[in-house]
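Welcome! Take a moment with the sequence and the 3D view, and then let us walk through them together.

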Amino acid sequence: MFRSLRALSGVPRLRSLLTLSLLARIHMSALPVALSFLVADWTGSYASVGLLSGAMAVGQAVAGPVRGRIADRDSATSVLFKTGAGYAVGLVLLVVLAGLAPSGLWPVAVVVTFFTGLMLPPVSQLSRSIWPRLVGDEQRQALYTLDSTGYEIVATIGPLLATAVVTLSSGAVAVTVCAVLAAGGAVVFGLALRSAGFERAEPSAATASGKPADRRSLLRDATFLRAVLVPFFLMAALFSVNLSLVAWGRTNDSPKTAGVLIALFSLGAAIGGLVVVSRGRKPHSGRITSALAAGLIVLALLLPPVSDDTPIWALVVVTLLTGSAVAASLGSNNSRIGELAPPERRAEAFGWLATATTSGAALVLPLTGWLLDLHGPAASLGAGAVAAALSAGLAFSLPARAEESGAKGDGRADKPADDGATGDDETAKDHTGDEGTGEVRAGDDVAGKGPTPGDDDSASEPTAEVK
């Protein structure tokens, strides 16, 4: 049952790099709590909290592909160092404004949070761009699912850490701690990348042969565009759950119960992800997301105004089971993004993924709030189920992998011929990751490919580091 986990644990330095990746992301789940306390204490308004958080999300969405493109062309370590420093400075400046400026000047902080969002260290997208260079195709989806599962676990720790700091001190100190964690995590991870020899993306076959590289937008490829829209709608569905459960808890004077249910949703995601990885399964993103949509529909039927007296045990069971589909859905889609992107542009591709997930959350938050005000939690969860169904439909529209279509051979999906990247389903060969991608399989002979994981003399390691 645990064959896949044992196989992944044998990949040289994967455990240390994955751990560093997850630790470097812990600030992402802690900051929303810390920022809420800081801004609410400063302005006395939760509307200002929403506006400042939204401005930061917009900055993150705008900068995702740009940060990835710079990392692909220049140095991933340099990007991490610079963005880590800029992000920390932005958060500290926000703390200074909240401590010294009158509450009436809080709109100035919108600009600060926007530019802070632009500087978010791209740990997630860089690590996900490196995973295909560490393992073969047969382990790729398991590794991406493990990455998503690990983040679900980290996402439960961050809010607890921020709450503890706020309780012992203040929101200002909590935000400062997030700044230190972000900058420190980016620096340590950057140093690990430099030591591992994954500081730069692999050169493309076109560059190696002297031909100009294709720098057209990845979104011109219709298959890649659909793959990016899958997490856009998926994240919209997931964010509807948190808000709906919080609203249910406030209405029923049981906010602690709502917090427990949200934690159970994340716990279910972690358990489901570990089960998928340990059993070595490769679930289709469309099928697993369809299961998520079905779970959201059932959960909606258990909440007001559809039902006002659902027993807590029923909510616990449905929430836990629904959450079990989350990590597998995210991992499967992350794996597909890694397959479709050219290896020399994977950081950019995962930047588009970061933009999609952030935009999906930004889209659903106002809609969910409006539906909650008008009709209650059942309506907002219904909207989340629709978003999940759209995500599943887009996933089903993507070309089947070799292991899904029953193809034989080395485990790689059949790649259609190059049609000039017209946006057709027959994606250009260099957009799908074929034999010339430069991927490094664990244990392969990599002579002539530069530093590789498993070569202790070259100290090669992978990268590490969402929603």
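**A helix and its surroundings**

Just past the end of helix α3, glycine 44 adopts a positive phi of about 70°. Keep in mind as you look that this is a predicted model.

Now step back into the helix itself. Helix α3 covers residues 26-43, which makes 18 residues. From its first C-alpha to its last it reaches 26 Å, close to the 26 Å expected at 1.5 Å a residue. Along the way there is a kink of about 30°, centred on proline 32. Many side chains are worth finding here: the buried residues of α3 include Ile26, Leu31, Leu35, Leu38, Val39 and Trp42. His27, Ser29 and Thr43 are also among the buried residues of this helix.

Next, look to the interior of the protein. The largest nonpolar core has 46 residues. Those with the most contacts inside this core are Leu8, Leu14, Leu80, Trp131, Leu134, Phe224 and Ile337. Phenylalanine 224 makes a good place to pause: leaving aside neighbours within four places in sequence, it is in contact with Leu218, Leu219, Ile337, Leu340, Ala349 and Trp352. Apart from the largest core lies another, of 35 residues, with Leu261, Val276, Leu315 and Leu330 among them.

Finally, how confident is the predictor? The mean pLDDT of the chain is 75, and 76% of its residues reach 70 or more. Two stretches deserve a careful eye. Over residues 204-212 pLDDT stays under 50, and the model has six contacts beyond four places in sequence for them. Over residues 402-467 pLDDT also stays under 50, and there the model has 167 such contacts.

How values were computed:
Residues are numbered from 1 along each chain as its sequence is written. This is a predicted model: local features need pLDDT of at least 70, side-chain atom pairs count only at pLDDT 80 or more; totals for chains, interfaces and linings use all residues. Side-chain values use heavy atoms; hydrogens and water are left out. A nonpolar core is a set of buried Ala, Val, Leu, Ile, Met, Phe, Trp, Tyr and Cys residues joined through side-chain atoms within 4.5 Å. Buried means under 20% relative accessible area, exposed over 50%, partly exposed in between (1.4 Å probe, protein chains only). Contact means heavy atoms within 4.5 Å. pLDDT is the predictor's confidence in each residue, from 0 to 100. Helices (H or I, at least four residues) and strands (E, at least two) are DSSP runs, numbered from the N terminus. The expected span of a helix is 1.5 Å times one less than its number of residues. The bend at a residue is the angle between axes fitted to the seven residues ending there and the seven starting there.
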